[in-house]
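Here is a friendly briefing to read alongside the structure. Keep the picture open and look for each part as it comes up.

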Amino acid sequence: MHNFSLPQNGSLSKLMIDKEITDFKAAIAYVNQLPYGRTSDRSDYCLIIPEHKGTCSTKHAFLKQLAVESQQETVQLFIGIYQMNEINTKGVGSVLNQYQLNYIPEAHTYLKINGNILDITRTTKNEASFEESLLLEQEILPHQIAEYKVQWHQNFLKQWILEEQLPYSFEEVWKIREACILAISV
């Protein structure tokens, strides 16, 4: 994996250097070990440091912005929609079975470095990776992790409900999705 030193003058780099983390690989390792959890403001990826937790969006956006500060264009931030099921996301099967769904499209944020996916938030051992069931992906900027990501995901779900002719409203599908997230958060 591509490694580089963090600049002395970047605001996120300074947060890392204060913790004696001076290169990107060490920053990845540090962010990786932060517990999974939503910060008090899902759009402010800087909060992963003082709040000592983060989601796929905030953790990967933080690392992308570190790369921007270091002028490293080979590090890209992506959101993807994948077919979330028991095989690639252990714990959601019972919720999906309850609603007779094989999968539910879920948005996931990750990095690509030199075209290779780097995902530091999926720590549970699953039978298959999310990449194998990606339906769609889009490169984004760090400031797009909150409102834009949610809108993009919700628009995809609304279209999916129509195409699959599901007997559920968008609101019901969103509640099923939230139940899946709760099932894997335990």
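## Briefing: a first look at the protein

Buried residues make up 48% of the 186 residues in the protein. Please keep in mind that this is a predicted model. We will start with the overall layout, then go inside to the cores, the salt bridges, the cysteines and one lysine.

**Overall layout**

- The protein contains 6 helices and 4 strands.
- Starting at the N terminus, these elements follow the order α-α-α-β-α-β-β-β-α-α.
- The radius of gyration is 17 Å, close to the 16 Å that the globule rule gives for 186 residues, so the protein is as compact as a globular protein of that length.
- If you follow the C-alpha trace along its principal axes, it spans about 55 × 30 × 30 Å.
- Among the contacts with a separation of 6 or more, 62% are between residues 24 or more positions apart.
- About 9800 Å² of the protein is exposed, and carbon and sulfur atoms supply 47% of that area.

**The nonpolar cores**

- The largest nonpolar core has 30 residues, and the ones with the most contacts inside it are M16, F24, F62, L63 and L66.
- Which elements give two or more residues to this core? They are the helices α1 (11-17), α2 (24-33) and α3 (56-69), together with the strands β1 (75-84) and β2 (104-113).
- Apart from this core lies another one, of 22 residues, with Y103, Y168, W174 and I176 among them.
- L63 is a good residue to zoom in on: leaving out residues up to four places away in sequence, L63 touches F24, A27, I28, V31, L111 and I120.

**The salt bridges**

- How many salt bridges does a search of the whole structure find? The search finds 3.
- In one of them, the side chains of R177 and E106 meet at 2.7 Å, N to O.
- R177 lies in helix α6 (residues 170-185) and E106 in strand β2, so this pair ties together parts that are 71 residues apart in sequence.
- Are R177 and E106 buried or exposed? R177 is buried, and E106 is buried too.
- Another salt bridge brings together the side chains of E137 and K112, at 2.6 Å, N to O.
- E137 belongs to strand β4 (residues 134-140) and K112 to strand β2, so here the linked parts are 25 residues apart in sequence.
- E137 is partly exposed, with a relative accessible area of 31%, whereas K112 is buried, at 13%.
- A further salt bridge joins the side chains of E178 and R177, at 2.5 Å, N to O.
- E178 counts as partly exposed at 31% relative accessibility, while R177 is buried, with a relative accessible area of 8%.
- Through salt bridges that share partners, E106, R177 and E178 form one network.

**The cysteines**

- A disulfide is a covalent bond between the sulfur atoms of two cysteines.
- A search of the whole structure finds 0 disulfides.
- Why does C56 not form a bond with C180? The sulfur of C56 is 15 Å from that of C180, which holds the closest cysteine sulfur, and this is too far for a bond.
- Seen from the other side, C180 is in no disulfide, and its nearest cysteine sulfur is that of C56, 15 Å away.
- C56 is buried, with a relative accessible area of 8%, and C180 counts as buried at 0% relative accessibility.

**A closer look at K149**

- Where is K149 placed? You can find K149 in helix α5 (residues 147-164).
- K149 is buried, with a relative accessible area of 11%.
- Once neighbours within four places in sequence are left aside, K149 is in contact with C56, S57, I79, A107, T109 and Q144.
- K149 and H108 are 41 residues apart in sequence, and their C-alpha atoms are 9.1 Å apart in space.

How values were computed:
Residues are numbered from 1 along each chain as its sequence is written. This is a predicted model: local features need pLDDT of at least 70, side-chain atom pairs count only at pLDDT 80 or more; totals for chains, interfaces and linings use all residues. Side-chain values use heavy atoms; hydrogens and water are left out. A nonpolar core is a set of buried Ala, Val, Leu, Ile, Met, Phe, Trp, Tyr and Cys residues joined through side-chain atoms within 4.5 Å. Buried means under 20% relative accessible area, exposed over 50%, partly exposed in between (1.4 Å probe, protein chains only). Contact means heavy atoms within 4.5 Å. A salt bridge is a side-chain nitrogen of Lys or Arg within 4 Å of a carboxyl oxygen of Asp or Glu. The radius of gyration is taken over C-alpha atoms; the globule rule is 2.2 Å times the number of residues to the power 0.38. Accessible areas come from the Shrake-Rupley method with a 1.4 Å probe; for residues, only the protein chains shown count as cover. A disulfide is a pair of cysteine sulfur atoms within 2.5 Å.
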